[in-house]
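Colleague: Before I plan anything around this protein, could you take me through what the model shows?

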Amino acid sequence: MKMKHFIVLIVIIAFGLIIYGFSIKAENEALGHKFIGSGTLVLFLVAMPLFLFKESKGKQMKDYMLTKENIDKMQQKESEKPENQ
């Protein structure tokens, strides 16, 4: 199983937990809140870090940091743009 499919499966499970929590909330409010909370935790503490790890693989962090060199590149690109855009 590819990492992409694994992440999608985790997201579907998390949304399923959240939806199930809202559907049983009327009958058993405490259990509904537990399902909603656990779905939210799975989504943000498991699925999101896995997604960010997968997408950032092979990328250099220095390319996304605001350094003097990157500021100069941005200013150079801005000065090269035509006036009427």
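What follows is a conversation about a predicted model, taken from the overall fold to single side chains.

Colleague: How many helices and strands are there in the protein, and what pattern does the protein follow along the sequence?

Modeller: The secondary structure of this predicted model is helical, with three helices and zero strands in the protein. Read from one end of the sequence to the other, the pattern is therefore α-α-α.

Colleague: Is the protein spread out or a compact globule?

Modeller: Along its principal axes, the C-alpha trace spans about 65 × 35 × 20 Å. For 85 residues the globule rule gives 12 Å, whereas the radius of gyration of the protein is 21 Å, well over that value, so the protein is more spread out than a compact globule.

Colleague: What share of the 85 residues is buried, and what share of the accessible surface belongs to carbon and sulfur atoms?

Modeller: Residues count as buried when their relative accessible area is under 20%, and buried residues make up 14% of the 85 residues in the protein. The accessible surface comes to about 7,300 Å², and the share of that surface belonging to carbon and sulfur atoms is 64%.

Colleague: Which residues form a nonpolar patch on the surface, and how much accessible area do they have together?

Modeller: The patch is formed by Leu41, Phe44, Leu45, Val46, Met48, Phe51 and Leu52. One of these residues, Phe51, lies in helix H2, which covers residues 29-56, and Phe51 is partly exposed with a relative accessible area of 41%. Taken together, the residues of the patch have an accessible area of about 670 Å².

Colleague: Is helix H3 largely in the open or buried, and how far does H3 reach from its first C-alpha to its last?

Modeller: Of the 13 residues of H3, the number buried is one, so H3 lies largely in the open. Helix H3, residues 68-80, has an expected span of 18 Å at 1.5 Å a residue, and the reach in the model, close to that expectation, is 19 Å.

Colleague: Is Asn70 buried or exposed, and which residues does Asn70 touch beyond four places away in sequence?

Modeller: The place of Asn70 is in helix H3, and at 12% relative accessibility Asn70 counts as buried, because the limit for that class is under 20%. Leaving out residues up to four places away in sequence, the residues that Asn70 touches are Lys62, Asp63 and Met65.

Colleague: Which residue forms a salt bridge with Lys73, and how far apart in sequence are the two?

Modeller: An α-helix has 3.6 residues a turn, so residues three or four places apart point the same way. Lys73 and Glu69 both lie in helix H3, four residues apart, about one turn of the helix. Lys73 is partly exposed at 43% relative accessible area, while Glu69 is exposed at 52%. With its closest N and O atoms 3.7 Å apart, the partner of Lys73 in this salt bridge is Glu69.

Colleague: How many salt bridges are there by this rule, and which residue forms one with Glu55?

Modeller: The count comes to three salt bridges, and among them is one between the side chains of Lys68 and Asp72, at 3.5 Å from N to O. Lys68 is exposed at 60% relative accessible area, whereas Asp72 is partly exposed at 36%. Glu55 is partly exposed at 35%, and its partner counts as partly exposed at 31%. With the closest N and O atoms 3.0 Å apart, the residue that forms a salt bridge with Glu55 is Lys54.

Key:
Residues numbered from 1 in each chain as written. Predicted model: local features only at pLDDT ≥ 70, side-chain atom pairs only at ≥ 80, totals over all residues. Heavy atoms only, no water. Patch = residues over 30% accessible without salt bridge, like charges linked within 9 Å, V, L, I, M, F, W, Y side chains within 5 Å. Areas by Shrake-Rupley, 256 points an atom, 1.4 Å probe, with all protein chains shown as cover. Salt bridge = Lys/Arg side-chain N within 4 Å of Asp/Glu carboxyl O. Buried < 20%, exposed > 50% of the residue type's maximum accessible area, 1.4 Å probe, protein only. Rg over C-alpha atoms; globule rule 2.2 N^0.38 Å. Expected span 1.5 Å × (residues − 1). Contact = heavy atoms within 4.5 Å.
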